[in-house]
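Reader: Please take a close look at one part of this model, the site around the ligand. I would like the contacts, the surroundings and any unusual backbone there, in one connected account.

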Amino acid sequence: MLYLIGLGLSYKSDITVRGLEAIKRCDRVYLEHYTSILMAASKEELEEFYGKPVILADRELVESCSEEIIRNSDKENVAFLVVGDPFGATTHTDLVLRAKKQNTPVEIIHNASVMNAVGSCGLQLYNFGQTISMVFFTDNWRPDSWYDKILENRKIGLHTLVLLDIKVKEQSIENMARGRLIYEPPRYMSISECCEQLLEIEEKRNTQAYTADTPVVAISRLGSATQTFKSGTIEELATYDSGEPLHSLVILGRQCHELEIEYLLEFCDDRDRFKQDVLKDQQFFKPAPWVPPQEE
Ligand SMILES: C[S@@+](CC[C@H](N)C(=O)[O-])C[C@H]1O[C@@H](n2cnc3c(N)ncnc32)[C@H](O)[C@@H]1O
């Protein structure tokens with residue numbers, strides 16, 4: 001059996017009882033180690049908690065050598081652990097399809113994900129549109145296809161969840177070119193870096209999918225002891241120190257219920273100004289009032 005098991009957001013004990021029982025039955029345990037991190041537990045702490053070794057699975061192992069993970073899983077039990085939920089903003093469908101092709105039974109054990117826990121900032125999950133990923137810009141690679149998705153969401157008044165890039169076990173271009181297996185230290189995008197990139201692309205596109213004054217909420221270390229929310233405009237949060245990872249950002253849409261606004265007021269510096277910013281921003285993409293057709 002191949003088990004895909006969600007670990008939840010932060011603590012080793014966030015795993016479900018069913019997930020833990022499955023791990024106890026497993027001969028090999030892999031921890032997917034490139035799309036997210038378990039903030040409050042190290043590999044060693046997990047090994048002690050599960051009572052068995054944990055193999056870190058980087059992108060290379062999962063995407064290019066997945067046969068290794070599913071090796072013998074028709075006879076043995078293998079666990080593939082994913083921080084959050086196995087299908088929450090990470091698609092491990094490829095691994096599942098490969099396992100099924102070799103007639104290995106697969107069981108998915110779900111858990112909380114950033115995709116649903118984001119609701120604890122006060123914004124309603126019903127009011128979210130497409131999620132986007134913000135990658136680290138480099139000198140010559142500054143992708144901005146996500147901008148169109150924000151525009152689409154904002155046109156119909158929906159909030160946009162922005163997931164921030166993390167780079168774990170990445171090689172520099174030079175080391176890659178020379179075939180040297182030397183890895184850069186891990187990097188996690190901060191809220192200010194994300195807001196700066198948002199502002200840069202708005203300036204370049206200049207179609208006001210959002211503006212420097214558009215309200216956003218920063219969500220840091222969700223589900224951990226130091227979970228923090230901060231609301232303000234994109235410009236304000238471009239200088240915000242968000243602290244340790246992990247971070248996500250939500251760009252507000254026009255369809256913002258009064259209760260949602262009231263909740264966000266708890267996290268801003270100046271309540272009156274933030275409320276004004278929200279009201280001003282709600283004028284963007286506001287549909288014209290409906291006028292019934294004239295009778296002939
Ligand atoms: C590719 S997604 C993987 C999501 C994960 N599978 C889940 O279900 O939660 C990873 C990104 O989600 C966001 N994220 C994940 N956990 C978070 C947390 N606890 N607090 C804030 N942001 C988080 C970060 O932007 C991070 O870079």
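Author: This is a predicted model. Start with the backbone of L222. One of its N or O atoms lies 2.9 Å from a nitrogen atom of the ligand. The ligand is well covered: it exposes 570 Å² when taken alone, and the protein buries 95% of that area.

Two further polar contacts can be named. D85 contributes through its backbone, with an N or O atom 2.9 Å from an oxygen atom of the ligand. T90 uses its side chain instead, placing a polar atom 3.4 Å from a ligand nitrogen.

Now the wider shell. There are 21 residues around the ligand. The nearest of them are G88, S113, V114, L164 and H247. By character, the shell splits into 11 nonpolar residues, eight polar and two charged. Both domains take part. Domain 1 (2-112) gives at least three residues to the shell, and domain 2 (115-285) likewise gives at least three.

Which strands supply at least two residues each of this shell? They are β7, spanning 160-164, and β12, spanning 247-251. As for the space itself, the ligand takes up the largest pocket.

Two backbone features deserve a check on screen. Most residues other than glycine have a negative phi, and most peptide bonds are trans. A89 departs from the first pattern: its phi is positive, about 60 degrees, although A89 is not a glycine. Look for A89 in the loop that runs between β4 (78-82) and α5 (93-101). The second pattern is broken at the peptide bond from P245 to L246, which is cis, with omega near 10 degrees. L246 sits in the loop between α10 (234-237) and β12. That brings us back to the shell, since β12 is one of the strands that supply at least two of its residues.

Key
Residues are numbered from 1 along each chain as its sequence is written. This is a predicted model: local features need pLDDT of at least 70, side-chain atom pairs count only at pLDDT 80 or more; totals for chains, interfaces and linings use all residues. Side-chain values use heavy atoms; hydrogens and water are left out. A residue is near a molecule or strand if one of its heavy atoms lies within 4 Å of it. A polar contact is a pair of N or O atoms within 3.5 Å; within protein, one must be able to donate a hydrogen and the other to accept it, and residues adjacent in sequence count only if both atoms are side-chain atoms. Accessible areas come from the Shrake-Rupley method with a 1.4 Å probe; for residues, only the protein chains shown count as cover. On a 1 Å grid over the protein atoms alone, a cavity is a set of points where a 1.4 Å probe fits but cannot get out, and a pocket is an open set with protein on both sides within 12 Å along at least five of seven lines; lining residues have an atom within 4 Å of a point. A molecule sits in a cavity or pocket if more than half of its atoms lie within 2 Å of its grid points. Helices (H or I, at least four residues) and strands (E, at least two) are DSSP runs, numbered from the N terminus. Ala, Val, Leu, Ile, Met, Phe, Trp, Tyr, Cys and Pro count as nonpolar, Asp, Glu, Lys and Arg as charged, and the others, Gly among them, as polar. Domain bounds come from an automatic or database domain assignment.
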